[in-house]
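Please look over the sequence and the structure shown here, and keep both in view while reading the paragraphs that follow.

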Amino acid sequence: MLENLSGRLQQVIKTLRGQARLTEDNISDAMREVRMALLEADVALPVVKDFIAQVKERAQGREVLQSLSPGQAVIQVVHEELTRLMGEQNSELNLAAVPPAIVLMAGLQGSGKTTTSAKLARLLKGQKKKVLLASADVYRPAAIEQLKTLAASLEVDCFDSNATQKPLDIAAATLDYARRHYYDVVIFDTAGRLGIDEAMMAEISKLHTLLKPIETLFVVDAMQGQDAVNTARAFGETLPLTGVVLTKLDGDARGGAALSVRHITGKPIKFIGVSEKVDGLEPFHPERMASRVLGMGDVLSLIEQAQKNVDLDEAKRFADKVKSGKSFDLDDFKAQMQQMRNMGGMAALMDKMPAQVAGMAGQMGGEQGDKAMRRLEGIINSMTPSERRKPEIIKATRKRRIAAGAGVQVQEVNRLLNQFEEAQKMMKMISKGGMAKMMRAMQG
Ligand code: GDP
């Protein structure tokens, strides 16, 4: 996510950190680099100009020049201004309406509107809301079916509309049904067009009047860069938008849309789409995104993710085991890998780690790391319980049997056993001398 932008900005940061003194010249140089990075990220020019002017003014001000580490102070200013650019704080979904609260979803074809509707339903269901999905997309073949299928897989109700009905009739019937069945929230998906046109705006305006949504979310594909931002602005000029959902951020290396939407449309980004899967929707936190872009990681999101997805009993069992100094076996090794997968896998985790940590773990990072982890699990699955508890009994014959069972080469079994031994050593170190000792050992 936003790798290109992030890479360039981190380069600037490195240079700034290395400066013993900051002068007008080296601030100017750094700002030129930042400006280039933003333009290459497809951030709109007026946004870039404002941003640079702000940062420059503050960087030449007293708060920076008189600080003990001026380089660090400039980085802080860049972080704060990036955060401000993206809207300062998380803007939550507003559902404070007489139930049902209506969320109207709009967006161009292919923007990810239908997928996002389902993702949002999943999120709200997790918050114990009674959610009804409905679709008035009577133009795109199979759009309604797509939503119904997604709803069924999430065990969320979906209003039974079909492509022969008129969008306004579907809206009226959905509203009536939702009231009679006491739904808390209705997520209403609408038809997208190829571009914003009169027909689309006329239809959605009528739906808006009838449904009186408390939230009108415009879904845009981040990979469209400035085009995405311009479409959102055009839409917002006709209809009172309450927020934007930026999808496909996982595929967006540049980041122009993420950085300009707020400034250009005046509307907050409420959510970001970070994968094709139904759990790939996250509330948008400008401050955390700024940290991610600057390579400082997004530890807060990481912790929240852990709190939601990690099996706490398992985590506690493991912690107790480590503390008590009991031996760490292959079953523990496998359980740890599963926990990691529950948190979205290596790729998702690495994305939120500070750059230094991600770099350290780089060899096993990303999707490759996920694949490798699945192979390791496969090998452990081919072992007997006693082999898992006492890996030292695994000699040549057993290795051959395990490799055949898992469909891998014997070398891979050897590699796994070596990795396990390393992990075991680290665990011993933690239980003996605590985290500090381990960190020292790692710094070697
Ligand atoms: P709609 O025409 O606006 O309803 O678009 P869809 O919901 O059908 O999505 C279009 C395509 O984008 C589908 O293949 C989705 O799986 C994909 N998609 C949607 N959101 C995301 C996202 O956040 N990340 C990724 N990688 N793909 C997404």
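Among the contacts in the protein chain that join residues at least 6 apart in sequence, 74% link residues that are at least 24 apart. The model is a predicted one, and its protein chain contains 21 helices and 8 strands. Of the 444 residues in this chain, 40% are buried.

A good place to begin a closer reading is helix α2, which covers residues 24–40 and has 17 residues. At 1.5 Å a residue this helix should span 24 Å, and because its end C-alpha atoms are indeed 24 Å apart, the expectation and the model agree. Within α2, the buried residues are Ile 27, Ala 30, Met 31, Val 34, Ala 37 and Leu 38. When the helix is viewed down its axis, these buried residues fall within an arc of 120°, and therefore they line one face of α2. The face turned away from that buried side carries Asp 25 and Arg 32, which are exposed. As for what covers the buried residues of α2, the list includes α1 (3–18), α3 (45–59) and α5 (70–85). Just after α2 comes Asp 42, a residue that takes a positive phi of about 70°.

From this helix we can turn to the ligand and the residues around it. The shell around the ligand has 18 residues, of which Gly 112, Lys 113, Thr 114, Thr 115 and Gly 273 come nearest. Which helix gives the largest share of this shell? That share, 3 residues, comes from helix α6, which covers residues 113–126. Sorted by class, the shell consists of 13 polar residues, 4 charged residues and 1 nonpolar residue.

A record adds a label to another part of the chain. In an unreviewed entry, UniProt places the feature "domain: SRP54-type proteins GTP-binding" at residues 268–281. In the model, this span is 43% strand and 0% helix, and its end C-alpha atoms lie 16 Å apart.

The last stop is Gly 251, which sits in the loop between β6 (243–247) and α11 (256–265). Is this glycine buried, exposed or partly exposed? Gly 251 has 14 other C-beta atoms within 10 Å, and therefore counts as partly exposed, since a residue is called buried if 20 or more such atoms lie within that distance and exposed if 12 or fewer do. Gly 251 can also be set beside Val 229: the two are 22 residues apart in sequence, and their C-alpha atoms are 17 Å apart in space.

Methods:
Residues numbered from 1 in each chain as written. Predicted model: local features only at pLDDT ≥ 70, side-chain atom pairs only at ≥ 80, totals over all residues. Helix = DSSP H or I, 4+ residues; strand = E, 2+ residues; numbered from the N terminus. Expected span 1.5 Å × (residues − 1). Arc of directions from axis to C-beta. Contact = placed C-beta atoms within 7 Å. UniProt positions renumbered as here; feature names shortened; annotations may be inferred. Near = placed C-beta within 6 Å. Nonpolar A, V, L, I, M, F, W, Y, C, P; charged D, E, K, R; others polar.
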